[in-house]
Amino acid sequence: MAVITKRISVDLQADGDMADISKRVQDAVSKSGMRNGIVTIFTLGSTGAVSTTEYEPGLKKDIPRALERIAPSNIDYEHHKTWHDDNGRSHVRSTIIGTSLVVPFVDGKLTIGTWQQIVVMNLDTSPRRREVILQIMGE
Amino acid sequence: MAVITKRISVDLQADGDMADISKRVQDAVSKSGMRNGIVTIFTLGSTGAVSTTEYEPGLKKDIPRALERIAPSNIDYEHHKTWHDDNGRSHVRSTIIGTSLVVPFVDGKLTIGTWQQIVVMNLDTSPRRREVILQIMGE
Amino acid sequence: MAVITKRISVDLQADGDMADISKRVQDAVSKSGMRNGIVTIFTLGSTGAVSTTEYEPGLKKDIPRALERIAPSNIDYEHHKTWHDDNGRSHVRSTIIGTSLVVPFVDGKLTIGTWQQIVVMNLDTSPRRREVILQIMGE
């Protein structure tokens with residue numbers, strides 16, 4: 001049983017832009033030499049998120065639109081009073097989607113579906129480089 | 001320390017139907033012979049989800065109704081333009097709820113509450129057989 | 001490779017009150033003596049949740065307000081018919097946010113950001129002592 005850490009970074013635009021990191025996660029698992037285990041994908045910071053989706057241009061618009069229903073951009077946030085900041089909605093969306101995802105791998109392959117990709121999102125109100133930890137554990 | 005993989009499948013109706021898989025997860029942990037560790041529950045595909053809830057008939061209706069507020073069924077989705085598909089809402093809901101859940105076990109028992117069940121959901125617009133990976137790791 | 005379990009409890013007010021447990025999680029990791037691995041944070045019961053956020057007074061109000069959009073307090077829930085209960089919204093919110101979070105640690109330190117804290121929420125309609133399992137695995 002071993003633990004291997006890989007850090008990756010992803011440059012993203014604002015307000016729900018996302019990147020498909022499935023290949024980078026698979027490459028890290030392949031290089032680890034482990035056959036069976038799990039990879040924890042954790043995004044640093046409180047205005048990012050990680051999840052899975054079918055990575056295609058339509059959903060890249062549909063998902064931010066749904067987040068706009070949960071935490072609209074045109075209302076006031078108490079968070080802005082704390083820091084004179086403008087990204088209250090970003091924090092709220094991050095907490096609801098979540099910042100960790102755990103994906104099993106079997107015989108060296110991630111067990112994601114053909115139309116299911118691992119995505120990192122930047123929910124902040126300005127472009128950001130999001131840092132992601134891949135913690136691979138298995139044998 | 002060991003890794004054991006179990007695959008299960010669940011037949012579900014459309015738009016938020018869910019099944020309680022707690023007993024199947026507990027059985028897999030019991031059969032593994034491990035005493036302490038974690039089980040990762042991961043659902044394949046991008047129109048499913050996994051979470052916990054009190055599994056009773058009322059919430060089986062209340063949860064889909066809340067998802068209807070996040071991603072309504074009566075609006076247009078960009079996803080439909082990509083594939084001439086009808087399940088944009090299903091994908092959005094899946095990304096927000098999430099497709100992985102990790103549950104600890106201690107002395108061979110899952111640490112879920114008495115009124116807390118592990119559920120797999122089908123969020124797609126038609127009935128689906130959802131495939132779920134249980135990755136058990138521990139000692 | 002080892003597995004260490006730590007149970008903590010947190011007293012919280014109703015409807016989205018939250019506590020920052022980052023220091024308690026870090027302390028448990030430090031005491032474990034492990035250098036690299038993951039900690040699974042799992043909250044017992046189906047009206048709690050665990051996630052990360054920037055823990056500050058503004059977001060402590062903003063997050064419950066967003067949850068009110070997903071599962072309002074002034075509507076009827078089928079759950080209430082099952083148990084003559086009043087916390088349908090609490091269950092729905094818990095299922096959507098989630099009850100597990102997995103955080104990597106590297107060289108003995110959690111890989112959370114400076115402004116990112118691990119929080120446990122009580123979403124129930126009355127104050128509750130929430131029980132949380134920390135399952136630490138690594139080497």
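The exercises below, each with a worked solution, concern a predicted model.

**Exercise 1.** Determine which rotation superposes chain B on chain C, and name the relation that this expresses.

*Solution.* Begin with the operation itself: a rotation of 120 degrees, with 0.0 Å of shift along its axis, superposes chain B on chain C, and the RMSD is 0.0 Å. That is the relation of a three-fold axis.

**Exercise 2.** Describe the side of chain B that touches chain C by its elements and by its classes of residue.

*Solution.* First take the extent of the contact, to which chain B contributes 34 residues and chain C contributes 28 residues. Next look for the elements of chain B that each supply at least two residues to this side, which are β3 (37–43), β4 (48–53), α2 (57–70), α4 (88–97), β5 (100–106) and β8 (128–138). Of the side of chain B that touches chain C, the largest share comes from α2(B), with 9 residues. Finally, sort the residues of this side by class, which gives 17 nonpolar, 11 polar and 6 charged.

**Exercise 3.** Work out how α2(A) and α4(B) cross, and which residues make their contact.

*Solution.* Start with the axes of helix α2 (residues 57–70) of chain A and of α4(B), which come within 10 Å and cross at roughly 65 degrees. The crossing in which α2(A) passes α4(B) is right-handed. Then list the residues on each side: α2(A) brings A:Leu59, A:Asp62, A:Ile63 and A:Ala66, while α4(B) brings B:Gly88, B:His91, B:Val92, B:Thr95 and B:Ile96. Sorted by class, the contact of α2(A) with α4(B) has 5 nonpolar, 3 polar and 1 charged residues.

**Exercise 4.** Explain why β5(B) is described as largely enclosed, and identify the strands β3(B) and β6(B) as its partners by giving the sense of each pairing.

*Solution.* Burial comes first, where a residue counts as buried if 20 or more other C-beta atoms lie within 10 Å of its own. Because 6 of the 7 residues of β5(B) are buried, this strand is largely enclosed by the rest of the structure. Now turn to the pairing with β3(B), which runs antiparallel to β5(B) and is joined to it by 6 bridges; within this topic, B:Thr40 has B:Val102 of β5(B) as its bridge partner. The pairing of β5(B) with strand β6 (residues 109–110) of chain B is also antiparallel, over 2 bridges, and here B:Phe105 has B:Leu110 of β6(B) as its bridge partner. The last step is the hairpin of β5(B) and β6(B), which has 2 residues between the strands, and in which B:Asp107 takes a positive phi near 55 degrees.

Methods
Residues are numbered from 1 along each chain as its sequence is written. Chains are lettered from A and ligands numbered from 1 in the order in which they are written. This is a predicted model: local features need pLDDT of at least 70, side-chain atom pairs count only at pLDDT 80 or more; totals for chains, interfaces and linings use all residues. Copies are superposed by least squares on the C-alpha atoms of residues with pLDDT of at least 70 in both. Two residues are in contact if their C-beta atoms, placed from the backbone, lie within 7 Å. Helices (H or I, at least four residues) and strands (E, at least two) are DSSP runs, numbered from the N terminus. Ala, Val, Leu, Ile, Met, Phe, Trp, Tyr, Cys and Pro count as nonpolar, Asp, Glu, Lys and Arg as charged, and the others, Gly among them, as polar. Axes are lines fitted to C-alpha atoms, for helices over the stretch in contact, and angles run from 0 to 180 degrees between N-to-C directions. A crossing is left-handed if the near helix is turned anticlockwise from the far one by less than a right angle, and right-handed if clockwise. A residue is buried if 20 or more other C-beta atoms lie within 10 Å of its own, exposed if 12 or fewer, and partly exposed in between; C-beta atoms are placed from the backbone. Two strands pair if DSSP finds at least two bridges between them.
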